[in-house]
Amino acid sequence: MRAGSLKHRCGLLQSQEVKRPGGGVNESWVELVKLWAEITIPTGRIATVADQLQRVVSAEIRIRHRADVVAGMRLVHKTKTYLIEASLPDNDQTMLRLLCSSVTNP
C-alpha cells in the first residue's frame, strides 16, 4: 500500500482504569499515539467476519503494522470514534486491517 492512501490522521486510544477517591474505578481512554490511516466503508466480503464477531462493522481501517494494536482499542478521527473489533495483519506484516464499529465519543 502506498502512503498516499493513508490520509486520515487518527489517535489510537487504550482503556485505562482510574481509581476514584471514594473507592472503585472509572474507565478512561488515553491516547497512545497519532497515526495515519485509510478509512473505508466495508464491502460485502466483510459480512462473514462481522457475523462471526456478532457486531456491525461500520468501517475498515488500514494502518501501518504495529504489534501493540489489538481488539478493544479505539481509533478517533475528527469527531468519529471507532472500536477495533478485529486486527488482521497482511501476509507481509506491513499493514493492519482493522474491522471497527462506531461508538459514541469518550
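## A six-stranded barrel and its core

Strand S4, which covers residues 74–77, pairs in the antiparallel sense over 4 bridges with strand S5, which covers residues 80–89. Two strands are taken to pair if DSSP finds at least two bridges between them, and the elements themselves are DSSP runs numbered from the N terminus, helices being H or I with at least four residues and strands being E with at least two. This is a predicted model, in which local features need a pLDDT of at least 70 and side-chain atom pairs count only at pLDDT 80 or more, while totals for chains, interfaces and linings use all residues. Residues are numbered from 1 along each chain as its sequence is written, and side-chain values use heavy atoms, with hydrogens and water left out.

The chain holds 1 helix and 6 strands, and along the sequence these follow the pattern β-β-α-β-β-β-β. The average pLDDT (the predictor's confidence in each residue, from 0 to 100) is 85 for the chain, and 83% of the residues score at least 70. Among the elements, strand S4 has the highest mean value, 95, whereas helix H1, residues 47–53, has the lowest, 57. Where pLDDT is low, the predicted coordinates should not be read in detail.

How are the strands arranged? The 6 strands make a closed barrel in the order S1-S2-S3-S6-S5-S4, with antiparallel pairing. Neighbouring strands of this sheet are turned by 45° against each other on average, direction ignored; the axes behind such angles are lines fitted to C-alpha atoms, for helices over the stretch in contact, and angles run from 0 to 180 degrees between N-to-C directions. Strands of a sheet pair through backbone hydrogen bonds, either parallel or antiparallel.

Following the barrel from S1, one finds S1 and S2 running antiparallel and joined by 12 bridges, with Gln-14 having Val-30 in S2 as its bridge partner. These two strands form a hairpin with 5 residues between them, where Gly-23 takes a positive phi near 110°. S2 is joined in turn to S3, again antiparallel, by 4 bridges, and there Thr-40 has Glu-60 of S3 as its bridge partner.

On its other side, S1 pairs with S4 in the antiparallel sense over 3 bridges, and Leu-12 stands opposite Leu-75 in S4. Leu-75 in turn stands opposite Tyr-82 in S5, while His-77 stands opposite Lys-80 in S5. S4 and S5 form a hairpin with 2 residues between them, and Lys-78 in its turn has a positive phi of about 55°. Most residues other than glycine have a negative phi, and most peptide bonds are trans. Lys-78 counts as exposed because its relative accessibility is 73%, where exposed means over 50% relative accessible area, buried under 20% and partly exposed in between, with a 1.4 Å probe and protein chains only. Gln-93, in the loop between S5 and S6, likewise has a positive phi, of about 60°, although it is not a glycine; at 45% relative accessibility, Gln-93 counts as partly exposed.

The next topic is the interior. Buried residues make up 33% of the 106 residues in the chain. The largest nonpolar core, a set of buried Ala, Val, Leu, Ile, Met, Phe, Trp, Tyr and Cys residues joined through side-chain atoms within 4.5 Å, has 15 residues, of which Ile-61, Ile-63, Leu-75, Ile-84 and Leu-98 touch the most other members. The elements that give two or more residues to this core are S1 (8–19), S2 (25–40), S3 (59–64), S5 and S6 (95–103). In soluble globular proteins, nonpolar side chains tend to be buried together.

Apart from its neighbours within four places in sequence, Ile-63 is in contact (heavy atoms within 4.5 Å) with Leu-35, Trp-36, Ala-37, Val-69, Thr-94, Met-95, Leu-96 and Leu-98. Across the chain, 53% of the contacts with a separation of 6 or more are between residues 24 or more positions apart.

Why does Cys-100 form no disulfide with Cys-10? The sulfur of Cys-100 is 9.2 Å from that of Cys-10, the closest cysteine sulfur, which is too far for a bond, since a disulfide is a pair of cysteine sulfur atoms within 2.5 Å. By this rule the count is 0 disulfides. Both cysteines count as buried, Cys-10 at 1% relative accessibility and Cys-100 with a relative accessible area of 0%.
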